[in-house]
Amino acid sequence: MADCIFCKIVKGEIPSTSVYRDEHAYAFRDIQPAAPTHILIVPQRHIDSVNALSAEDEGTIGHLFMVAKQIAAQEGLSERGYRLVINTNAEAGQTVFHIHLHLLGGRQLTKMG
Ligand code: AMP
């Protein structure tokens, strides 16, 4: 999508701190980290949100979790623990409408809500 900030980040039109890239996914550090490790994992193909998922996206979404697992290991978080979050729409605080998996860790995380 032409005006999507994360599409522009995927294409390198907006700078980001790269953590991982493959054919389908891109991961980069969040610009306003909420934890010592705060990485966003996105599909290269634009999908607005969880609400916009179709059956054909199943493999892509599963892949994001496999990437998250690998990055968590790289960041030394596998044993310590980490949190994976996808916000959807206003009450969850979604601000960028290109689906993304937050990987948070590196400190004791509080209960959600
Ligand atoms: P959400 O609120 O779940 O939609 O998450 C959007 C996230 O994108 C927030 O944590 C922002 O800090 C992050 N973000 C926005 N713009 C950028 C950017 N240019 N580079 C890295 N992270 C960004």
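The exercises below, each with a worked solution, concern a predicted model.

**Exercise 1. Salt bridges**

Determine how many salt bridges a search of the whole structure finds, and describe each pair.

*Solution.* Side chains of opposite charge can pair when their charged atoms come close. The search of the whole structure finds three salt bridges, and they can be taken in turn.

- Step 1. The side chains of Lys11 and Glu13 meet in a salt bridge with an N to O distance of 3.9 Å, which falls within the 4 Å cut-off. Lys11 has a relative accessible area of 56% and is therefore exposed.
- Step 2. Arg29 is paired with Glu75, their closest N and O atoms being 2.7 Å apart. Because Arg29 lies in strand β2 (residues 25–29) and Glu75 in the loop between α2 and β4 (82–85), the pair ties together parts that are 46 residues apart in sequence. Glu75 counts as partly exposed at 24% relative accessibility, and Arg29 likewise counts as partly exposed, at 34%.
- Step 3. Asp57 forms a salt bridge with Arg45, with 2.8 Å between the closest N and O atoms. Arg45 and Asp57 each lie in the loop between β3 and α2, so this pair ties together parts that are twelve residues apart in sequence.

**Exercise 2. The surroundings of Asp57**

Decide whether Asp57 is buried or exposed, and state which residues it is in contact with once neighbours within four places in sequence are left aside.

*Solution.* The relative accessibility of Asp57 is 4%, so this residue counts as buried, the limit being under 20%. Its salt-bridge partner Arg45, by contrast, is partly exposed, with a relative accessible area of 39%. With the neighbours within four places in sequence left aside, Asp57 is in contact with Arg45, Ile47 and Ala52.

**Exercise 3. From the ligand to strand β3**

Identify which residues come nearest to the ligand, and then work out where Ile41 is found and what separates its C-alpha atom from that of His102.

*Solution.* Of the 16 residues around the ligand, those that come nearest are Asp30, Asn87, Gly93, Thr95 and His102. An oxygen atom of the ligand lies 2.8 Å from a polar side-chain atom of Asn87, while a backbone N or O atom of Gly93 lies 2.9 Å from an oxygen atom of the ligand. A side-chain N or O atom of His102 is 2.8 Å from a ligand oxygen atom. Taken alone, the ligand exposes 510 Å², of which the protein buries 85%.

Turning to Ile41, this residue is found in strand β3 and counts as buried, at 0% relative accessibility. The C-alpha atoms of Ile41 and His102 are separated by 6.5 Å, although the two residues are 61 residues apart along the chain. Beyond four places in sequence, the residues that Ile41 touches include Leu101 and Leu103.

Methods: Residues are numbered from 1 along each chain as its sequence is written. This is a predicted model: local features need pLDDT of at least 70, side-chain atom pairs count only at pLDDT 80 or more; totals for chains, interfaces and linings use all residues. Side-chain values use heavy atoms; hydrogens and water are left out. Buried means under 20% relative accessible area, exposed over 50%, partly exposed in between (1.4 Å probe, protein chains only). Contact means heavy atoms within 4.5 Å. A residue is near a molecule or strand if one of its heavy atoms lies within 4 Å of it. A polar contact is a pair of N or O atoms within 3.5 Å; within protein, one must be able to donate a hydrogen and the other to accept it, and residues adjacent in sequence count only if both atoms are side-chain atoms. Accessible areas come from the Shrake-Rupley method with a 1.4 Å probe; for residues, only the protein chains shown count as cover. Helices (H or I, at least four residues) and strands (E, at least two) are DSSP runs, numbered from the N terminus.
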